[in-house]
Each structure stands twice: as C-alpha cells, then as structure tokens.
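Let's take a walk through this protein together, starting from one side chain and ending with the empty spaces inside. Have the viewer ready and follow along.

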Amino acid sequence: MFEIIKPIMSAEKVRELEPFPQELKDRKADAERQIADIITGKDKRKLFIVGPCSADNEDAVCDYACRLSRIAEKVKDKIYIVVRVYTNKPRTRGEGYKGMFHSPDPHKTVTDIQGGILALRKMHIRVIKESGLFAADEMLYPDNLDYISDVLGYIAVGARSAENQMHRLVASGIDVPVGVKNPMNGSLPVLLNSIYAVQIPNEFKYGNVQVKTYGNALAHAVLRGAVDVYGNNIPNYHYEDIMKLRDMYAEQGLKNPAAIIDTNHSNSGKRPFEQPRIIKEVLNNTHESDDFDSIVKGFLVESYIEDGNQPPNGGVYGRSITDGCLGIAKTEDLIYRAADRINA
C-alpha cells in the first residue's frame, strides 16, 4: 500500500525556479569537451573526481569546492578535477541518511523530497558559480535525473545499480561521460555488459513518453573493489586486475576503453587514509606499461574539509556524515604528488 504524502514539482518547474545561467552553460560545454577528451585518450591528463562521500551541507560543500579549485589551478596541466557532489546515497540495509535529495537538513529526521530537490539544484549551481568546477553526481534514481542533468559534468552509476535495466537505458541517452561501477561482487563480465548496454542505442518508456537514445560512447568502467560472500573486501586496482580489464574490453570491442579507479570503498576497505598509497601504486604502474597507462583515465577520491567521519547529528563543519574521507590538507598533498607522477 502506498500513502500519498504530497505532490512533487516537475523537473521543468524546478529548472524554472532555479535556472542555470547562460554563462555557466557556455563554460559547461568547454568542461564537457575536456572530460570527454580524457576518456577518449585525446587528452593525456588524468581525471580526478574528488569530494565528499555525501554532499550534506551547502556552505561546507561550496567552501570545499573553492579550496579544491585553487588546488586544481596549480595542476591543470596534468590533472583535470571534477568535484564530487553526491546528493543521493544508496543504503546497504535501506536505512540511514539517504542524501540531500531526501533530507535537505541531515539534522532533521523529516523526509522532504521537494525541499531536497530544490536545495540540491541550488547547491550544484552555486558550486559552479563560486569554484568554477563542474560536478559529478550519482544517478541513483533514473526518473529524477532531469532535475540536475543540465548542470552535471559527469554522472555515476553505482555498484548496486550497474545491473539495473533502467539505469542502463537512461545512461544511453546521457550526453556527458557516465562512469559505471563494477557490481558489488566484482564481476567484470557484468560490468562490461552494462557498459555495452549503455553504449548502444535504445528505445523505451521514460516518464510518460516513448523515447529513443543513440548510445553513450563515453560510458566507461569504475573499479571500486568487490565484496565476497563472507563480506570481505577484495581490491581490484592492481596491475593484473587492470590489464585483465583491458583485455576484456578488447575482446568485446567496446568504444573508448577506460577505467577510473575508486580509491575508497572496497579498494581501501573504507580506510580513507589508504587512498594516497593506492594512487601512488597505480600511477607507478603507468610507467611500467603504456597499455596500462592508456586505460587508466583517473581516480575517484573521497575527500572533505576535515579527516574522517561523524554521525549525522555531529557538529564538526566539513566532516563527512557517511563514509570516512581524507581531509583537504591531505588531499592537496595527494594531488600534488600525483601530478608529479603523471606522464601528461
């Protein structure tokens, strides 16, 4: 049984209330081109998607993005930075903080989806205005993508969603790069099947209409590690893992073979301070093999103003209320050290 709580505004109405300024649209076109060139290999820089596990507080997220922007400017010849602004959070057991989409104020237990939609769109636009960086967000709910699709520079499909038909279909109609995470069990065949499904044209029901898409050639793999049947974390960022992925890409004939390495989650065992070491290992391996270097397009890093994490009712400004993150000071050091190792 479903109980109707209240109606939700259409995406058209929300975009009207929180418009995306034309000058930002022009800048976004350039950002899209640069990110696409990295995925296709035309641009030899690495893509770093860096930011909080969950974007829970507009002021802190915008503050963080501005600090990250100053770092990005110093390494722009080697690294292109996209800020991670994830406003939807999948929950393994279905409970807990579900992101700004559900709760614009994490300190309140009230679900306010309409307020959350307006708040997250406002925050995304403010991030771009103040920092100059474009953002990534996760497409956790495909039906809701239109609320912010016009402002995003990169879209992620999570590990729990990689096998979902609707995620694949909608991703095939997206114009920006889509990173598809390997499923929780780590299956590379499933991951590549998902990428194939995103890269081909599709026709399906979306909302109240039948739509046709033309495929997204920029869809690519995000390696986040795996979890075995006993709950043990299994990393998949090592040399052999990535070279195997490269061989499987070639066997399937997929477009633009590419892998982004998620340095947290099961690759680090949710130990955020392992992220610099993981990036160091991967970048060192790029010097051992041109084939390895060509498929590794960048990294996903969980980072916020302060180290670690806290409960949703915690009071520390700029500290994650979900998974632990690397603080901005350590992140800055990580990025500078990474830039020194990149072959761009």
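Which backbone oxygen lies 3.0 Å from a polar atom of the side chain of Asn202? In this predicted model, the partner is the backbone oxygen of Ile200. The side chain of Asn202 also reaches a second backbone oxygen, that of Ala197, at 3.2 Å. Asn202 itself sits in strand S6, which covers residues 202-206. With a relative accessibility of 15%, Asn202 counts as buried, because the cut-off for that label is under 20%. If you set aside the neighbours within four places in sequence, Asn202 still touches Leu169, Ser172, Ala197, Val211, Lys212 and Thr213.

Now let's move to a second residue, Ile125, which belongs to helix H4 (residues 113-131). Its relative accessibility is 5%, so Ile125 counts as buried. Here the chain comes back on itself: Pro19 is 106 residues away along the sequence, yet the C-alpha atoms of Ile125 and Pro19 are separated by 8.6 Å. Beyond the neighbours within four places, the contacts of Ile125 take in Glu18, Pro19, Phe20, Pro21 and Leu24, together with Val151.

Step back and look at the whole chain. The protein has 11 helices and 12 strands, and its C-alpha atoms fill a box of roughly 55 × 50 × 45 Å along the principal axes. For 344 residues, a compact globule would have a radius of gyration near 20 Å, and the 19 Å found here agrees with that. Buried residues make up 56% of the 344. Contacts that span long stretches of sequence are well represented too: of those between residues at least 6 apart, 70% join residues at least 24 apart.

What about the space that the atoms leave empty? Rolling a probe the size of a water molecule over the atoms shows where such space is left. Start with the largest pocket, which holds about 480 Å³ of space. It is lined by 26 residues, and the closest to its centre are Thr92, Arg160, His265, Lys270 and Asp323. Strand S4 (154-157) and helix H8 (265-268) each give at least two residues to this lining. Sorted by class, the lining of the largest pocket has 11 charged, eight nonpolar and seven polar residues.

Next come the enclosed spaces. A search of the whole structure turns up two cavities of 30 Å³ or more. The largest cavity has a volume of about 130 Å³, and of the 15 residues that line it, Asn88, Glu138, Asn144, Leu145 and Ile148 are the closest to its centre. Helix H4, where we met Ile125, returns here: H4 and strand S3 (135-138) are the elements that give two or more residues to the lining of the largest cavity. By class, that lining has 11 nonpolar, two polar and two charged residues.

The second largest cavity has a volume of about 40 Å³. Around it you will find Ile49, Tyr86, Tyr154, Ala156, Gly179, Lys181, Val222, Ile260 and Leu300. S4 and strand S5 (178-181) each supply at least two residues of this lining, and S4 also does so for the largest pocket. The class count for the second largest cavity is seven nonpolar, one polar and one charged.

Methods
Residues are numbered from 1 along each chain as its sequence is written. This is a predicted model: local features need pLDDT of at least 70, side-chain atom pairs count only at pLDDT 80 or more; totals for chains, interfaces and linings use all residues. Side-chain values use heavy atoms; hydrogens and water are left out. On a 1 Å grid over the protein atoms alone, a cavity is a set of points where a 1.4 Å probe fits but cannot get out, and a pocket is an open set with protein on both sides within 12 Å along at least five of seven lines; lining residues have an atom within 4 Å of a point. Grid points are joined across faces, edges and corners, and a volume is the space filled by probe spheres set on the points. Helices (H or I, at least four residues) and strands (E, at least two) are DSSP runs, numbered from the N terminus. Ala, Val, Leu, Ile, Met, Phe, Trp, Tyr, Cys and Pro count as nonpolar, Asp, Glu, Lys and Arg as charged, and the others, Gly among them, as polar. Buried means under 20% relative accessible area, exposed over 50%, partly exposed in between (1.4 Å probe, protein chains only). A polar contact is a pair of N or O atoms within 3.5 Å; within protein, one must be able to donate a hydrogen and the other to accept it, and residues adjacent in sequence count only if both atoms are side-chain atoms. Contact means heavy atoms within 4.5 Å. The radius of gyration is taken over C-alpha atoms; the globule rule is 2.2 Å times the number of residues to the power 0.38.
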